[in-house]
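Please prepare a guided tour of this model for a viewer session. It should indicate what to select at each stop and what is to be found there.

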Amino acid sequence: MSMRKLREARTTAAGASTATRPAMAWVITGMLVGLMIINWADKTLFAIAAQPLREELGLTPAQIGFIGSAFFFLFGITGLVVAFIADRMKAKWVLLTLALLWSVTQVPVLVSATATALLVSRIALGAAEGPAGAMTSVAAFQWFPKEKRALPAAWLASGASIAKIAVAPVLALIVAAYGWRAAFMAMALVGVVWCAAWLLISREEGPYAASNVESADGEADGRRVPFRRIALTPTFLGGTVGLFTLYAVVAVVLTWLPSYFEVALGFSRVQSGFMFGLPSIAGIVILILVSWYTDRRLARGSKSRVMRGFVAAGALVVGGIFFAVTPYVDNRMLAVAAVVLGYGVVSVSYPLMAAAISQLAPVRQQASTLGVFNALFTTGGLVGPALTGMLVGAANTPAAGYALAFQVFGFSAMVGGLIIALTVHPERDSAKLAE
């Protein structure tokens, strides 16, 4: 038997093990989605509690803004560091450690309610949450073959939307009824409960983990290659640039959308707050449907370049067009629809690119590859809100500034989509790395 056929036979054998335990694969994925919901709920809690915190601690709006930005001071750095450490550790223990740290970092401001304690707490929480996106993907991908990873990645990405739609209102009620301390304590307790459940459920690694997949020569299929070779592939570089434009759009929507609805479109503050969740609802629906379809097509023999590269590229281009034309829409309800659909469509590119990048790395380098990828493209979150603020401040009217910002980031998403279309080719690049 040739080396290639023997490798395929071993991969098929590994795949058979997951085929006989699909329920466990989705139980693990469900736990990881829960972790991402906690992750994003921690992020939204500060925004919900910002006003009572400002009043009790005597903070200025500028100080609140600085503390909010402080969350991202170490976010990317820890994502990079933990990514390479995680190559040599089981994802189970990495995630357990991160989740425990999320709970612990809520404590300083509960013990000492001061601006300094709040600042330290947010910096520490951001540092602990930086690696979460990559590590949850690594843990989920251990249970799915490469052609079936977009759908679990989509569910992981939906954790952000679920947190905003379902958890944020609950946190707001807790803050209103019992104060901001109760909300911080609630999130700490939820994190501890998740850790206990994770210890009980994740007793084994998936069939596609490095310890369970062997190549024809008897060594781990996760043979190592110099990371620079992975990082310099067109797929990695193009995917990073494309998702940088996506994350900038996502950050702008998360930060400025309610203000856009209120100031530019004339909705009331209550109406704007209610409509804030609409893009997330659209995002979940489109994410799941498109990811399910692409995985189904890949399982039937379609090329990853088409189902992940071209589809992700098309999502950024089409979604970018929705944002770019928003200022020209006279009817405010149609403007809302354009933003909602634009956000929902561009969101598709993330799970598809995460699945594509996972095809590049040997199994033992999944954590570092996805970790660096996430750390790089999420820097778009630092650019988007800040640039929007400058554009709004420099415009003749806030409405004009918001319109210009949506155009700028809509066009940037379109450019990102074109770059992905031209560069992302997982089959070609993974074959070159295997050589």
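A crossing of two helices is left-handed if the near helix is turned anticlockwise from the far one by less than a right angle. With that convention in hand, the tour of this predicted model can begin.

**First stop: a helix pair.** Select residues 234-264, which form helix 12, together with residues 332-346, which form helix 16. Their axes lie 11 Å apart and the packing angle is about 155°. Angles over 145 degrees count as roughly antiparallel, and the two helices are therefore roughly antiparallel to each other. Helix 12 passes helix 16 in a left-handed crossing.

**Second stop: the contact between them.** Display the side chains of Leu246, Val249, Val250, Val253, Leu257, Tyr260 and Phe261 on helix 12. Opposite them, on helix 16, add Ala335, Val336, Val339, Tyr343 and Val346. By class, the residues of this contact are twelve nonpolar, with no polar and no charged ones.

**Third stop: the largest pocket.** Turn next to the largest pocket, which holds about 1900 Å³ of space. To locate its centre, select Ala47, Leu254, Thr255, Pro258 and Phe276, the closest to that point of the 42 lining residues.

**Fourth stop: the pocket lining.** Colour the elements that each give two or more residues to the lining: helix 2 (22-57), helix 3 (61-70), helix 9 (150-178), helix 12, helix 13 (269-275), helix 14 (278-299) and helix 19 (380-394). Helix 12 gives the most, with ten residues. Colouring by class shows 27 nonpolar, ten polar and five charged residues in the lining.

Note on methods. Residues are numbered from 1 along each chain as its sequence is written. This is a predicted model: local features need pLDDT of at least 70, side-chain atom pairs count only at pLDDT 80 or more; totals for chains, interfaces and linings use all residues. Side-chain values use heavy atoms; hydrogens and water are left out. Axes are lines fitted to C-alpha atoms, for helices over the stretch in contact, and angles run from 0 to 180 degrees between N-to-C directions. Helices (H or I, at least four residues) and strands (E, at least two) are DSSP runs, numbered from the N terminus. Angles under 35 degrees count as roughly parallel, over 145 as roughly antiparallel, 65 to 115 as roughly perpendicular and the rest as oblique. Contact means heavy atoms within 4.5 Å. Ala, Val, Leu, Ile, Met, Phe, Trp, Tyr, Cys and Pro count as nonpolar, Asp, Glu, Lys and Arg as charged, and the others, Gly among them, as polar. On a 1 Å grid over the protein atoms alone, a cavity is a set of points where a 1.4 Å probe fits but cannot get out, and a pocket is an open set with protein on both sides within 12 Å along at least five of seven lines; lining residues have an atom within 4 Å of a point. Grid points are joined across faces, edges and corners, and a volume is the space filled by probe spheres set on the points.
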